[in-house]
Amino acid sequence: MTTAEVTAVLAAPSTVAQLDAAVGAAHHAFEQARLADPHRRAGWLEAIAAGLEQDAAGLVATAVAETHLGAPRLEGELKRTVFQLRLFAAEIRLGEHFDATIDNADPDWPMGARPDLRRYNVPLGVVGVFGASNFPFAFSVMGGDSASALAAGCAVVHKAHDAHAGLAARTARTVIEALDGAGAPSGLFSMVTGRQAGEALVDHPQVKAIGFTGSTAGGRALLNRIAARPEPIPFFGELGGINAVFVTGRAWASRRAEILAGYASSFTLGMGQFCTKPGLLFVPAGQAGGVRRELERALADFTPARLLSPRLHDGYAAAVTRLRDSDGVDVLVEGNFAGAPAPTVLLTTAAEVRKNPDLLRQEMFGPASLLVEYGDESELPALAGLLEGQLTTTLQAEADDDVAALAARLADISGRVLWNGWPTGVTVSYAQHHGGPYPATTSNTTSVGTAAIRRFLRPVAYQSFPAARLPEPLQDGNPWQVPQRVDGVWQRPSDAPAVAVAAREDKP
């Protein structure tokens with residue numbers, strides 16, 4: 001897609017014909033790009049990173065105008081996006097994502113004569129990516145899904161979010177120009193807009209996977225549509241969650257004010273529009289009055305801002321009102337639904353949520369949270385059992401608290417378990433996992449960190465192939481110099497580049 005075509009896309013929703021052309025071009029580009037060695041592919045990612053950096057001022061200014069988010073937040077998010085691209089470039093140069101495995105022929109193999117078997121991971125093909133509203137850079141046009149799909153060797157057709165259409169177009173133009181300048185195949189990345197094009201993207205037979213970050217309702221609709229395809233494809237949907245925090249009695253007694261200050265800061269960060277916002281706080285019962293005063297103090301310096309869009313604002317008001325008006329729920333800290341809403345904290349009890357577990361499953365996408373009072377710490381594992389799948393859960397505990405049963409339960413229901421921290425810091429790194437059981441996500445993969453690349457790969461084994469016809473990662477000569485597991489033993493090329501990129505803490 002050329003610069004002029006990107007600009008035209010912004011003027012009106014993409015037609016099905018335009019979507020079909022974009023996917024066709026992407027498939028053709030994929031057929032060429034899949035042959036590129038890791039160093040060349042890494043160069044494409046680095047070119048995109050450089051292009052985004054070069055246009056940083058213009059991109060941030062466009063984002064500020066469209067999203068109501070401040071320049072410091074957006075500048076940090078753009079830096080995260082650039083860092084992620086370079087981290088992925090370094091990762092694919094190492095070649096571990098290929099998982100190149102060689103079993104040489106062995107006539108004496110205990111299970112009978114073994115043929116020559118060689119397996120490695122190949123890219124899926126064209127990936128459709130749906131941008132998120134709440135992260136205009138980090139989970140949008142060149143966010144984690146697009147960057148990891150390109151790193152895997154796939155082509156990407158991005159469906160822009162209408163909440164920041166101008167930024168999407170500008171970012172897409174920057175990405176396309178960078179790829180063209182780096183010599184990548186034309187069509188490797190493109191962008192479409194509008195609901196009709198989004199539906200056609202999901203249905204297109206040449207699209208081999210979908211990445212999505214958004215609401216549970218939107219993700220579920222996409223999941224159902226994908227399941228109805230003649231050929232179902234992988235759907236990597238990140239649908240958010242409540243991100244429950246559990247406070248033990250001893251932790252509450254020793255540092256209640258500190259915990260409440262951290263809680264207040266975390267659930268209001270970014271106006272509560274993070275998928276990792278702590279929407280539930282379980283605390284010992286009997287101190288509501290003191291908790292109210294401490295929360296009011298902790299929120300005294302809070303500066304309200306508008307939510308990302310009128311639609312999100314209306315949804316937030318409806319969600320808070322619905323939960324507030326439920327039986328057994330009281331208002332602990334009174335907020336409002338002004339243009340720039342003040343925070344709301346609601347209060348209920350363990351007895352009430354046992355009667356109505358849906359109280360624990362209502363996401364309020366904005367600066368609101370629910371505090372749940374429990375009577376005895378032994379209740380916590382069972383209360384955790386009432387939760388749906390979570391992106392994160394958190395333990396606020398003392399070093400010698402016996403929380404083994406609770407910690408095990410939290411690991412069962414969430415993708416990341418924190419100790420004495422707050423979930424709204426998701427660093428881009430090697431061991432990161434940003435996912436969780438449904439409805440947090442629709443798969444067991446991560447959408448953040450280097451492991452995200454492997455979502456868009458699938459294994460292929462070659463049996464008894466002539467040496468000259470084997471893909472480069474499986475050849476004995478190892479021309480791409482990737483790690484190979486040969487007859488069960490890992491061999492790492494001695495001259496492989498020693499690449500390390502320092503991780504940094506960001507706030508998705």
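Two strands count as paired when DSSP finds at least two bridges between them. The model shown in these close-ups is predicted.

**View 1. Strand E3 pairs with E4 and with E6.**
Strand E3 spans residues 126–130. E3 and E4 run parallel, joined by 5 bridges. E3 and E6 are also parallel, again with 5 bridges. Valine 127 sits opposite valine 156 of E4. Valine 127 also faces alanine 209 of E6. Together with helix H6 (residues 144–152), E3 and E4 build a β-α-β unit of right-handed sense.

**View 2. Strand E3 is covered on both faces.**
Val126, Gly128 and Phe130 lie on one side of E3, and Val127 and Val129 on the other. Each of these residues is buried. With 5 of its 5 residues buried, E3 is therefore largely enclosed by the rest of the structure.

**View 3. Lysine 159 is buried and has no salt bridge.**
Lysine 159 belongs to strand E4 (residues 155–159). Which side chain of opposite charge is nearest to lysine 159? It is aspartate 162, 5.8 Å away. A salt bridge requires a side-chain nitrogen of Lys or Arg within 4 Å of a carboxyl oxygen of Asp or Glu. Beyond four places in sequence, the contacts of lysine 159 include Val129 and Phe130. Gly131, Val192, Gly194, Arg195, Gly198 and Leu201 are also among its contacts.

**View 4. Strand E12 is mostly covered.**
E12 runs from residue 368 to 374, and 7 of its 7 residues are buried. Ala368, Leu370, Val372 and Tyr374 point one way. Ser369, Leu371 and Glu373 point the other way. Side chains of both sets are on buried residues, Glu373 among them.

**View 5. Strand E12 pairs with E9 and with E11.**
Strand E9 (residues 280–284) runs parallel to E12, with 5 bridges between them. Valine 283 has glutamate 373 of E12 as its bridge partner. Strand E11 (residues 344–349) is parallel to E12 too, over 6 bridges. Leucine 346 is bridged to leucine 370 of E12. From E11 the chain passes through helix H13 (residues 350–355) to E12, in a right-handed β-α-β crossover.

**View 6. The largest nonpolar core holds 75 residues.**
Which core residues touch the most other members? They are Ile48, Met142, Val157, Leu188, Phe189 and Phe456. Helix H7 (residues 165–181) gives the most to this core, 8 residues. A separate core has 34 residues, including Ile242, Met271, Ala368 and Ile413.

**View 7. Leucine 188 makes contacts across the sequence.**
Neighbours within four places in sequence are left aside here. Ala29, Ala33 and Trp44 are among the contacts of leucine 188. Others are Leu150, Cys154, Ala155, Val156 and Leu179.

**View 8. Arginine 119 and aspartate 99 form a salt bridge.**
The structure holds 25 salt bridges. In this pair the closest N and O atoms are 3.2 Å apart. The two residues are 20 apart and link distant parts of the chain. Arginine 119 is in strand E2 (residues 117–123). Aspartate 99 is in the loop between helix H5 (71–94) and strand E1 (100–103). Arginine 119 is partly exposed, at 32% relative accessible area. Aspartate 99 is likewise partly exposed, at 22%.

**View 9. Glutamate 231 and lysine 208 form a salt bridge.**
Their closest N and O atoms lie 3.3 Å apart. Glutamate 231 is in the loop between helix H9 (216–227) and strand E7 (235–238), and lysine 208 is in strand E6 (residues 207–213), so the pair ties together parts 23 residues apart in sequence. Glutamate 231 is partly exposed, with 38% relative accessibility. Lysine 208 is partly exposed as well, with 27%.

**View 10. Lysine 355 and glutamate 352 form a salt bridge within helix H13.**
The closest N and O atoms are 3.4 Å apart. How many residues separate the two in H13? They are 3 residues apart, about one helical turn. Lysine 355 is exposed, with a relative accessible area of 64%.

**View 11. Asp116, Arg118 and Asp476 are linked in a salt-bridge network.**
Side chains of opposite charge can pair when their charged atoms come close. Here the network joins Arg118 with the aspartates Asp116 and Asp476.

Key. Residues are numbered from 1 along each chain as its sequence is written. This is a predicted model: local features need pLDDT of at least 70, side-chain atom pairs count only at pLDDT 80 or more; totals for chains, interfaces and linings use all residues. Side-chain values use heavy atoms; hydrogens and water are left out. Buried means under 20% relative accessible area, exposed over 50%, partly exposed in between (1.4 Å probe, protein chains only). Helices (H or I, at least four residues) and strands (E, at least two) are DSSP runs, numbered from the N terminus. A crossover is right-handed if, with the strands pointing away from the viewer, the path from the first strand over the helix to the second runs clockwise. A nonpolar core is a set of buried Ala, Val, Leu, Ile, Met, Phe, Trp, Tyr and Cys residues joined through side-chain atoms within 4.5 Å. Contact means heavy atoms within 4.5 Å. Lys and Arg count as positive and Asp and Glu as negative; His and the chain ends are not counted.
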